[in-house]
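Colleague: I'm new to reading protein models. Could you walk me through this one and tell me how each label is earned?

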Amino acid sequence: MLRDSYNRTIRDLRISLTDRCNFRCFYCLPNGEPPMARRETLLTFEEIVTLSEIFVSLGIEKIRLTGGEPMLRRGVVDLIGRLSKLKPSLNDIALTTNGQTIPENAAALRDAGLDRITISLDSLNDANFREITGVDQLGNVLRSIDAAKTAGFGTIKVNACIVRGRNDHEVVEMARFARENAISYRFIEFMPLDSGHEWNREQVVSGREIHEAIHAAFPLELVDKTRGSETAWKYKFADGSPGEIGIIAPVTEMFCGQCSRIRLTADGQIRTCLFSTSEHNLRDVLRGGASRDEIIDFIKTVVMKKEPRHYINDTAFVSPSRSMSFIGG
Ligand code: SAM
Ligand code: SF4
């Protein structure tokens, strides 16, 4: 069991497969080409499987593959097949993707053992989608949602990072899309994790504002008053329509007290918080020939250093030097 010094149990591991991306979402990867990790520093799939097996033996129950764009790594389907062998101790494998290559891969991902898929969709308008992501791919992302449904993924989660003046005017349309397509649309507050370090508080649309706008058009009912270790407040539509709304408000409503997550970056660094300003080099421990017990000791020691909370709202807040695309969202 992995427990931190605040008695939180760590059950959820997010693994970034790459810091590269074929989109350029302004809130994540703006300002041209940020430096990428050197290829030889990236964990191989062999190393990821070895470490995942150890994490699962320590009580990790959920693994989410993310990035950068995880589907850019060749062989993701095969990796998922190998991680599936860790079930049932591992009870959930999820993927967060921009959706570009999902139309042709959804069925194979499902067959390999992927349990859940989250697709990012920040605008339903062609021009605004292009403005936000830097690519002309709205049609493909919409097709990815259909493909994921056809492949049997059940309720598909769709993420939107909401930024004032950019896509906050679309939240009601997004809620309508959730109803019409029976998906779980999750609205995420803009966090200071953009590579341009241009985040500012005025651009943050609070979870409360998002809720109010949607609730005025489509009355919502909270599904569960206790969020547990989940990041999102979940709402159903009061009129019984299909679909669900999730509100993720890490900036205005901190949920660190129940956090059950740690992260492994594509280059093998453990991050104990999205906002950590230091990392722990598991790759070098592994490549240095450490025994299984030594690796376990290292992981347990690192977990004990997990921060009690983030400090976004403190005046002395320093944003991490690596952006979301490096850390793994
Ligand atoms: N490329 C994949 C994608 O876009 O879904 C996976 C990685 S991406 C970093 C994961 C999620 O992080 C996306 O849903 C994105 O909207 C969110 N994200 C990225 N930067 C963010 C920021 N500064 N604030 C809030 N959410 C952010
Ligand atoms: Fe790429 Fe995802 Fe970041 Fe957009 S949010 S730039 S798709 S990693």
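**Ligand 2 and its surroundings**

Modeller: Gladly! This is a predicted model, and we can begin at ligand 2, which is surrounded by C21, F23, C25, Y27, C28, L29, G68 and N98.

Colleague: What makes these residues count as being around ligand 2?

Modeller: Each of C21, F23, C25, Y27, C28, L29, G68 and N98 is listed because one of its heavy atoms lies within 4 Å of ligand 2. By class, this shell has six nonpolar residues, two polar and no charged.

**Two helices that pack**

Colleague: Why is α6 called oblique to α7?

Modeller: Helix α6, residues 171–181, packs against helix α7, residues 207–217, at an angle of about 60°, and their axes are 9 Å apart. An angle of about 60° is not under 35 degrees, not over 145 and not within 65 to 115, so α6 is oblique to α7. The crossing of α6 over α7 is right-handed.

Colleague: Which residues make the contact between α6 and α7?

Modeller: From α6 they are V171, V172 and A175, while α7 brings I210, A213, I214 and A217. The contact of α6 with α7 has seven nonpolar residues, no polar and no charged.

**The whole chain**

Colleague: How do you know that the protein chain agrees with a compact globule?

Modeller: For 329 residues, a compact globule would have a radius of gyration near 20 Å, and the protein chain has 19 Å, so the two agree. The C-alpha atoms fill a box of roughly 55 × 45 × 40 Å along the principal axes. The protein chain holds ten helices and twelve strands.

Notes
Residues numbered from 1 in each chain as written. Chains lettered and ligands numbered in written order. Predicted model: local features only at pLDDT ≥ 70, side-chain atom pairs only at ≥ 80, totals over all residues. Heavy atoms only, no water. Nonpolar A, V, L, I, M, F, W, Y, C, P; charged D, E, K, R; others polar. Axes fitted to C-alpha atoms, helices over the stretch in contact; angles between N-to-C directions. Helix = DSSP H or I, 4+ residues; strand = E, 2+ residues; numbered from the N terminus. Left-handed = near helix turned anticlockwise from the far one by under 90°. Contact = heavy atoms within 4.5 Å. Rg over C-alpha atoms; globule rule 2.2 N^0.38 Å.
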